[in-house]
Amino acid sequence: LPPHSLSAKTVTELKRQSAAMAEALNVVGLMNVQFAIQQDQGQDVVYVLEVNPRASRTVPFVSKATGIQLAKVAARCMAGQSLASQGIQYEVTPPYFSVKEAVFPFVKFPGVDTILGPEMKSTGEVMGVGKTFGEAFVKSQLGAGTKLPRPKKPDGSPTGKVFLSVKNNDKPRVIEVARQLAAQGFDLVATKGTAAAIQEAGVACATINKVAEGRPHIVDMIKNNEVILVINTVEERRNAIADSRYIRTSALLNRVTTFTTIAGAEAAVEGMKYMDNLGVISVQDMHAQLSA
């Protein structure tokens, strides 16, 4: 918050649809809407997954980010007070970025698959705030207990390699991820298809076997502590998920940070640029900027 990857046009459309649904449903107070956005010929197409008159776990996050106690404001609206009478005159757009991150208990369950789906797997949430999206994202990862790697140790020696293996639809986007990782000083290794796409873009990347292709393979590298970051996205097919499960479970057992979506990988790479330049801001100072 504010939205980082959505265009101003799409944000405006989301607001329009939200207001239209609230009016049509006669909702007074809080309303939860879940949208999905899909690219179609370069245009964002908005789908409504669900809408219901209730609060969500995002409400405390937005309240802290904007300095407005939304639950209290909504309750008073339900009791008959207007927004104007409560001093709410306009929408608050913070001059900083806030990122909400889910906390997962995977480390306590060795052998579990870390791939994400529609099921609720998180056991908590944390929030990171920064002047840029990258800084806010890094703080959210630190709060969630996720360690983002550095390319070099204090003595200047390499910390390890970044492993990439993504589904076909993600290959155009993984090229930029690989390019930024290489620019930061990381050595890259990927499965054949992903490595070919990265190499064709002019980025240095070694090739490693999948488990089914024989040794030495990627799980051997993970167990030998040669890999410090795993970026692994898979096709939404049962056999594809099963084929790559061993990679993710091995990474979990060896405490190797793993991202299973290309959007997560992009955010991580952007955030890693700010790891040595993190600032600290109190909630009071943060909210003071809203009225400045």
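**Reading the helices, sheet and turns of a predicted model**

Trainee: Where is the place of Lys171?

Mentor: Lys171 is placed in helix α5. Please keep in mind throughout that this is a predicted model.

Trainee: Is Lys171 buried or exposed?

Mentor: The term "buried" applies to a residue under 20% relative accessible area. Lys171 has a relative accessible area of 18%, and therefore counts as buried.

Trainee: Which residues is Lys171 in contact with, leaving aside its neighbours within four places in sequence?

Mentor: With those neighbours set aside, Lys171 has contacts with Val166, Gly193, Thr194 and Ala197.

Trainee: How should I read the open sheet, and what is the order of its strands?

Mentor: Read a sheet by listing its strands in order across it and then noting the sense of pairing. Here, the open sheet has 5 strands, arranged as β7-β6-β5-β8-β9 and paired in parallel fashion. The strands at its edges are β7 (206-207) and β9 (257-259), each of which pairs on one side only.

Trainee: How many bridges pair β8 with β9, and what is the bridge partner of Val230?

Mentor: Strand β8, covering residues 227-232, is paired with β9 over 3 bridges in the parallel sense. Val230 has Thr258 in β9 as its bridge partner. We can now return to helix α5 (residues 171-183), which packs on this sheet and touches β5 (161-165), β6 (187-190) and β8. The direction of α5 makes about 175° with that of β5.

Trainee: How do β1 and β2 run, and how many bridges join them?

Mentor: Strands β1 and β2 run antiparallel and are joined by 9 bridges. As an example of the pairing, Asn32 has Asn52 in β2 as its bridge partner. The two strands form a hairpin with 2 residues between them.

Trainee: Which residue of that hairpin takes a positive phi?

Mentor: Gln41 does, with phi near 55°. Gln41 is not a glycine, and its phi is nevertheless positive. Gln41 sits in the loop between β1 (32-40) and β2 (43-52).

Trainee: Is Gln41 buried or exposed?

Mentor: A residue counts as exposed over 50% relative accessible area. The value for Gln41 is 77%, so Gln41 is exposed. Asn225 may be read in the same manner: phi is near 60°, a positive value in a residue other than glycine. Asn225 belongs to the loop between α7 and β8, and its relative accessible area of 57% makes Asn225 exposed.

Trainee: How many residues does helix α4 have, and how far does it reach?

Mentor: One compares the span of a helix with the span expected for its number of residues. Helix α4 (residues 133-144) has 12 residues and reaches 16 Å from its first C-alpha to its last, close to the 16 Å expected at 1.5 Å a residue. Just after α4, Gly145 takes a positive phi of about 85°.

Trainee: How many residues of α4 are buried, and what covers them?

Mentor: Of the 12 residues in α4, 10 are buried, and the helix is mostly covered. Among the buried residues are Phe133, Phe137, Val138 and Lys139. Their cover includes β3 (97-103), β4 (124-130), β9 and α9 (262-272).

Trainee: How is the packing of two helices described?

Mentor: The description of two packed helices rests on the angle between their axes and the distance between those axes. In this structure, the axes of α4 and α9 come within 8 Å and cross at roughly 105°. Because of that angle, α4 is roughly perpendicular to α9. From α4, Phe133, Gly134, Phe137 and Val138 meet residues of α9 including Gly264, Ala267, Ala268 and Met272.

Trainee: What is a disulfide, and how many does the structure hold?

Mentor: A disulfide is a covalent bond that links the sulfur atoms of two cysteines. This structure holds 0 disulfides. Cys77 has 15% relative accessibility and so counts as buried. Cys205 is at 10% and therefore also counts as buried.

Trainee: Which residues are joined by a cis peptide bond?

Mentor: For a peptide bond, one reads the angle omega. Leu1 and Pro2 are joined by a cis peptide bond with omega of about 0°; Pro2 is in the segment before α1 (8-24). The bond from Arg215 to Pro216 is cis too, with omega near -5°. Pro216 is placed in the loop between β7 and α7 (218-223).

Terms used
Residues numbered from 1 in each chain as written. Predicted model: local features only at pLDDT ≥ 70, side-chain atom pairs only at ≥ 80, totals over all residues. Heavy atoms only, no water. Pairing = 2+ DSSP bridges. Helix = DSSP H or I, 4+ residues; strand = E, 2+ residues; numbered from the N terminus. Contact = heavy atoms within 4.5 Å. Axes fitted to C-alpha atoms, helices over the stretch in contact; angles between N-to-C directions. Buried < 20%, exposed > 50% of the residue type's maximum accessible area, 1.4 Å probe, protein only. Disulfide = S-S within 2.5 Å. Expected span 1.5 Å × (residues − 1). Parallel < 35°, antiparallel > 145°, perpendicular 65-115°, else oblique.
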